[in-house]
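Here is a short tour of one protein model. Please look at the sequence and the structure first.

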Amino acid sequence: MRTQVAIVGAGPAGLFLAHLLRAEGIESVVVERRTRAYVEGRVRAGVLEQGTVDALSRLGLDARLRREGLPHGGTRLSVDGAHFRIDLAELTGGAEVTVYGQQEVMHDLFEAAERHAMPIVFEAEGVELHGIETERPAVTYRTAAGEGRIACDFVAGCDGFHGVCRGALPPGVLRTFERVYPFGWLGILADVPPVDEELIYASHANGFALASMRSPTRSRYYLQCPIDERLEDWPDERFFDELALRLGPDVGERLVRGPSFEKSIAPLRSFVAEPMRHGRLFLLGDAAHIVPPTGAKGMNLAVSDALMLSEALDGFYARASMAGIDGYSARALARVWKAERFSWWFTGLMHRFPEASGFDRRMQVAELDYLRGSRAAQAGFAENYVGLPLDQDLPRRRSVGEAGR
Ligand code: FAD
Ligand code: DHB
């Protein structure tokens with residue numbers, strides 16, 4: 001098989017990239033280790049930045065999102081039970097986030113891929129990359145039908161944190177930066193109406209809690225928990241008792257309880273691998289970087305990487321320009337590191353750290369009180385939360401000599 005771009009991994013990074021390339025008239029083949037049902041069934045992200053929604057619109061894949069997605073113009077923070085609201089839309093000149101689960105996004109991307117007969121090889125085992133330092137790389141794999149080989153111009157490594165592509169860079173090229181947090185998020189899904197129409201991020205002496213949702217009848221709730229916690233120790237009743245406590249009495253008494261149908265613990269990690277390109281191999285999304293979930297940046301970063309790479313590849317195929325390809329890693333990392341910073345900061349602000357002293361807690365509470373009372377601090381929060389632009393630079397000030405020209 002021959003194509004222009006071989007994409008490893010059919011998660012958000014891989015499928016967004018395949019659709020964006022198709023829109024530019026560039027051919028790709030996606031190779032995925034799992035089944036479609038498995039990829040679509042994974043319960044993960046819930047909040048889309050404005051830029052992610054805009055990308056889906058540009059691709060014409062936003063019909064269901066417009067019907068079923070929940071636009072949020074604000075979000076709430078709670079400190080030991082006292083709440084305040086950050087008006088995202090007002091502080092950013094109209095930007096919003098949209099609550100629409102990653103499962104729904106994946107469903108829409110797979111449906112459209114099927115409609116357009118885009119080639120996706122599922123259940124591909126033993127994926128290997130070849131010749132990434134040459135102009136003729138290839139991807140090989142095995143399926144029940146036998147061995148496969150995709151000869152291509154470029155390989156896009158979209159295979160997540162545990163994939164094979166990052167490891168295909170030669171030793172010594174990659175530098176990695178990592179922080180592992182000493183706690184996890186215990187998350188549940190339950191078919192009960194959400195406790196509030198907006199998300200509530202709660203900082204409490206017992207630890208962090210998040211009240212999120214998937215629809216007007218489906219709630220997504222999280223509690224910070226020790227990393228070695230056992231799910232059996234968290235029956236629904238205990239979960240809701242602790243959630244009510246951390247959200248505080250005003251909100252806690254409105255909480256509608258109901259049986260959970262999904263319960264899992266996710267670890268928290270900050271991780272970046274540099275560079276995001278070597279030869280003809282590009283890394284995108286979780287294959288190159290992980291953020292702790294606080295602030296909902298992970299899937300959105302996968303999408304912004306795909307947007308940047310599709311622009312670079314369009315420059316190559318439409319104008320024979322290498323500029324975008326040579327600039328991809330630096331451009332993507334500039335945005336990745338800012339999202340890493342925001343997610344790390346928001347995690348540090350809201351969680352209880354095992355080694356924290358009384359002084360450390362006072363610092364958190366003082367910073368949250370500053371955020372509550374300062375428009376400048378809220379504006380900084382809001383611009384990061386709704387998603388920074390692909391390329392962020394202050395408008396250039398006119399120098400004195402230019403004035404009046
Ligand atoms: P993945 O989604 O991991 O996709 C990689 C794909 O590659 C997978 O389908 C995998 O099967 C495939 N693959 C792996 N290895 C191979 C191989 N060897 N060969 C072929 N295929 C392979 N992000 C947000 O933006 N907002 C949120 O609210 C949010 N909440 C989250 C909550 C939780 C509990 C978790 C766990 C994550 C959350 N995230 C959130 C993060 C988000 O889900 C990820 O950042 C996102 O899925 C990354 O997309 P990706 O395509 O890079 O990687
Ligand atoms: C969700 C996850 C997040 O990490 C977040 O910051 C907000 C919402 C969610 O799964 O709904």
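Which strands does helix 7 (residues 236–247) lie across? Helix 7 lies across strand 5 (75–79), strand 6, strand 13 (175–190), strand 14 (200–204), strand 15 (207–215), strand 16 (218–225) and strand 17. Helix 7 runs at about 80° to strand 16. Angles run from 0 to 180 degrees between N-to-C directions, and axes are lines fitted to C-alpha atoms, for helices over the stretch in contact. Helix 11 (residues 358–373) packs on the sheet too, touching strand 5, strand 6 and strand 14. The direction of helix 11 makes about 145° with that of strand 5.

This is a predicted model, in which local features need pLDDT of at least 70, side-chain atom pairs count only at pLDDT 80 or more, and totals for chains, interfaces and linings use all residues. Residues are numbered from 1 along each chain as its sequence is written, chains are lettered from A and ligands numbered from 1 in the order in which they are written, and side-chain values use heavy atoms, without hydrogens and water.

**The sheet**

The sheet is open and has 8 strands, in the order 6-5-14-15-16-13-17-20, with mixed pairing. Strand 6 (82–86) and strand 20 (289–290) stand at the edges, each with a single partner strand, so one side of each has no neighbour in the sheet. Strand 17 (residues 260–274) and strand 20 run antiparallel, joined by 2 bridges. Two strands pair if DSSP finds at least two bridges between them. Val272 has His289 of strand 20 as its bridge partner. Helices (H or I, at least four residues) and strands (E, at least two) are DSSP runs, numbered from the N terminus.

**Helix 1**

Helix 1 (residues 12–23) has 12 residues. Of these, 10 are buried (under 20% relative accessible area, 1.4 Å probe, protein chains only), so helix 1 is largely enclosed by the rest of the structure. Among the buried residues are Leu15, Phe16 and His19. Gly25, with a positive phi near 80°, follows helix 1.

Helix 1 packs against two partners.

| Partner of helix 1 | Angle | Axes |
|---|---|---|
| Helix 6 (residues 102–115) | about 35° | 10 Å apart |
| Helix 9 (residues 298–319) | roughly 30° | within 8 Å |

In the contact with helix 6 (heavy atoms within 4.5 Å), helix 1 uses Pro12, Leu15, Phe16 and His19. Helix 6 brings residues including Val105, Met106 and Phe110. The residues of this contact divide into 9 nonpolar, 2 polar and no charged. Towards helix 9, helix 1 offers Leu17 and Leu20, among others, and the residues they meet include Val303 and Leu307.

Methods:
The expected span of a helix is 1.5 Å times one less than its number of residues. Buried means under 20% relative accessible area, exposed over 50%, partly exposed in between (1.4 Å probe, protein chains only). Ala, Val, Leu, Ile, Met, Phe, Trp, Tyr, Cys and Pro count as nonpolar, Asp, Glu, Lys and Arg as charged, and the others, Gly among them, as polar.
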